[in-house]
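Student: Please take one pair of packed helices in this model and go through it closely. Then show me what surrounds it, one part at a time.

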Amino acid sequence: MYPIVIFASILSFTLSYLLTPLIIKFSASRGFVGVDIHKPKKPKVPTLGGIAITIAIVVSALLLLPLYPIQITTFLLTVMIGALVGLVDDLKQLSGYPKMLITVVASFPLFIAGYLFPSEIKLGRPVVPILGKLRLTIVYWFLLPLAIAVPSNAVNMLEVFNGVMPITCGIASASLLVSSMIINSKIGIALSLILLGSLLGYLPYNKYPAKVFSGNVGSYVVGAAIGSLAIISGLEFELIVVLLPHILNALLVILSVGGIKERRSIRVRPIIIEVNGLLRANNDSRAPLTLTRVILTLSGPLTELEIVNVITVLELWSAMLSLATSLLKVVSI
Amino acid sequence: MKASKFKALIFLTGVLTYAWIMMLLSLMLVEIGIMRYVSNSTLRTILGIGTYVVFLGIWYFSVKRLINRELQELQKG
């Protein structure tokens with residue numbers, strides 16, 4: 001592997017780690033704060049931490065531009081569209097469907113690059129376990145717009161507790177890194193390392209108790225980065241498997257509230273915070289069904305940290321299934 | 001670890017594994033069944049997409065039914 005790839009990953013970690021405190025100061029001074037609703041005292045926490053992740057990813061990926069010009073340009077365009085959607089949502093609060101539709105735009109760089117440079121960005125023939133190359137000649141092109149929209153929105157919808165986004169997406173990136181090694185995708189290794197570096201640098205500030213929230217900009221950037229790197233590296237099937245907890249949560253929410261709705265517009269909350277700080281499932285039948293509500297229903301009241309631990313175990317399990325997918329792929333080829 | 005927390009973990013890892021198996025089965029059905037025996041046509045596309053949608057539906061609604069049953073049992077208790 002090129003030393004510059006290792007350097008880019010370390011740079012990504014360092015930038016994210018050093019920039020986040022500056023973003024915290026900036027957000028606090030400009031009034032970009034959110035209420036940490038799962039704490040008994042409801043503290044106000046600076047938002048927009050995702051800007052540090054975005055800068056770290058963009059600057060580090062630019063270092064690799066001479067090595068993989070087409071792939072990195074495509075990746076960066078996707079990530080920057082994701083960042084723009086997230087930032088607009090943080091500042092103006094977009095509603096559910098427009099947000100979903102705008103994130104579809106983030107997949108356009110993939111379409112264009114796949115059309116103009118088919119030898120660099122190979123689209124349309126994903127490899128799956130046992131069967132090898134699929135003949136998704138038509139379906140693939142209908143599903144491609146969802147490759148960025150689904151990860152971005154699904155990551156955003158599960159990001160409700162301290163540390164969940166960097167932990168689950170960090171595990172997902174690590175899993176995609178190993179999958180890239182298994183299928184010998186150099187660009188996959190490089191992009192996963194950059195994403196992993198930025199998330200690890202950010203985690204100390206967002207873990208329980210959070211000093212900063214990622215904001216929509218954080219979840220959209222990371223979701224877009226995961227989707228983009230998986231498509232560019234030919235890890236489409238692994239992408240779906242590694243994000244299964246996010247996808248399950250998104251499906252439960254969307255189908256239980258009858259469509260894509262903005263979090264703030266849902267009146268009955270899925271969980272209730274007790275005075276002692278424990279969280280329990282809301283038994284109200286009008287409350288949306290979420291992954292957290294299911295966890296709390298089955299386990300009884302838990303602390304926020306315990307819920308994060310359960311979600312982490314679920315993400316680790318999905319990562320295992322994703323790795324099994326890559327190994328099965330290699331065996332079947 | 002609390003027994004109930006362990007139960008939640010077992011249930012949800014089961015749901016995730018079930019999703020993974022259903023995905024593989026739907027792909028195999030489409031590739032080995034539909035793609036091999038139906039010639040390239042609009043019908044083949046519709047059958048292929050239909051199979052994926054049906055498998056997703058089976059997975060989601062069976063999981064939702066299980067979750068709702070657990071919810072109702074707990075509400076009764």
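**A helix pair in chain A and its surroundings**

Tutor: In this predicted model, helix α2 (residues 50–63) of chain A packs against helix α9 (residues 186–206) of chain A at an angle of about 145 degrees, and their axes are 9 Å apart. Those two numbers are the usual pair to quote, since two packed helices are described by the angle between their axes and the distance between the axes. The crossing in which α2(A) passes α9(A) is right-handed.

Next, the residues that meet. From α2(A) come Ala52(A), Ile53(A), Ala56(A), Ile57(A), Ser60(A) and Ala61(A). From α9(A) come Ile194(A), Leu195(A), Gly197(A), Ser198(A), Gly201(A) and Tyr202(A). Sorted by class, this contact has eight nonpolar and four polar residues, and no charged ones.

Now look at the two ends of α9(A). Before it, in the loop between α8 (164–183) and α9 of chain A, lies Asn184(A). Its phi is near 60 degrees, which is a positive value in a residue other than glycine. Asn184(A) has 9 other C-beta atoms within 10 Å; the limit for an exposed residue is 12 or fewer, so Asn184(A) is exposed. On the other side, Pro209(A) is placed in the loop between α9 and α10 (215–233) of chain A. The peptide bond that leads from Tyr208(A) to Pro209(A) is cis, with omega near -10 degrees.

Positive phi values turn up elsewhere in chain A. Ile130(A), in the loop between β3 (127–128) and β4 (132–133) of chain A, is not a glycine either, and its phi is near 70 degrees. Ile130(A) has 13 C-beta neighbours inside 10 Å and counts as partly exposed. Gln93(A), which follows α3(A), also has a positive phi, near 55 degrees. The helix before it, α3 (residues 69–92) of chain A, allows a simple check of length. At 1.5 Å a residue its 24 residues should span 34 Å, and the end C-alpha atoms are 34 Å apart, so the two values agree.

Ile57(A), one of the α2(A) residues in the helix contact, also serves as a marker for distance. Val275(A) is 218 residues from Ile57(A) along the chain, and their C-alpha atoms are separated by 40 Å. Val275(A) has its place in the loop between β5 and β6 (279–281) of chain A. With 6 other C-beta atoms within 10 Å, Val275(A) is exposed.

Pro270(A) gives the opposite case. This residue lies in the loop between α12 and β5 (271–273) of chain A, and it has 24 other C-beta atoms within 10 Å. A residue is buried at 20 or more, so Pro270(A) is buried. Apart from neighbours within four places in sequence, Pro270(A) is in contact with Asn282(A), Ala287(A), Pro288(A), Thr290(A), Thr292(A) and Arg293(A). From Ile23(A), Pro270(A) is 247 residues away in sequence and 31 Å away in space, C-alpha to C-alpha.

Step back to the whole of chain A, which has 14 helices and six strands. Its radius of gyration is 19 Å, close to the 20 Å that the globule rule gives for 333 residues, so chain A is as compact as a globular protein of that length. Along the principal axes, its C-alpha atoms fill a box of roughly 60 × 40 × 35 Å. Of its 333 residues, 54% count as buried. Among contacts in chain A with a separation of 6 or more, 76% join residues 24 or more positions apart.

Chain B has two helices and zero strands. Its radius of gyration is 17 Å, well over the 11 Å that the globule rule gives for 77 residues, so chain B is more spread out than a compact globule. The C-alpha trace of chain B spans about 55 × 25 × 10 Å along its principal axes, and 17% of the 77 residues are buried.

Last comes the contact between the chains, which takes 30 residues from chain A and 29 residues from chain B. On the side of chain A that touches chain B, α11 (236–242), α12 (244–257), α13 (291–299) and α14 (304–332) each supply at least two residues. The largest share of that side, seven residues, comes from α14(A). By class, this side of chain A has 23 nonpolar, five polar and two charged residues.

Definitions and conventions
Residues numbered from 1 in each chain as written. Chains lettered and ligands numbered in written order. Predicted model: local features only at pLDDT ≥ 70, side-chain atom pairs only at ≥ 80, totals over all residues. Contact = placed C-beta atoms within 7 Å. Helix = DSSP H or I, 4+ residues; strand = E, 2+ residues; numbered from the N terminus. Nonpolar A, V, L, I, M, F, W, Y, C, P; charged D, E, K, R; others polar. Rg over C-alpha atoms; globule rule 2.2 N^0.38 Å. Expected span 1.5 Å × (residues − 1). Axes fitted to C-alpha atoms, helices over the stretch in contact; angles between N-to-C directions. Left-handed = near helix turned anticlockwise from the far one by under 90°.
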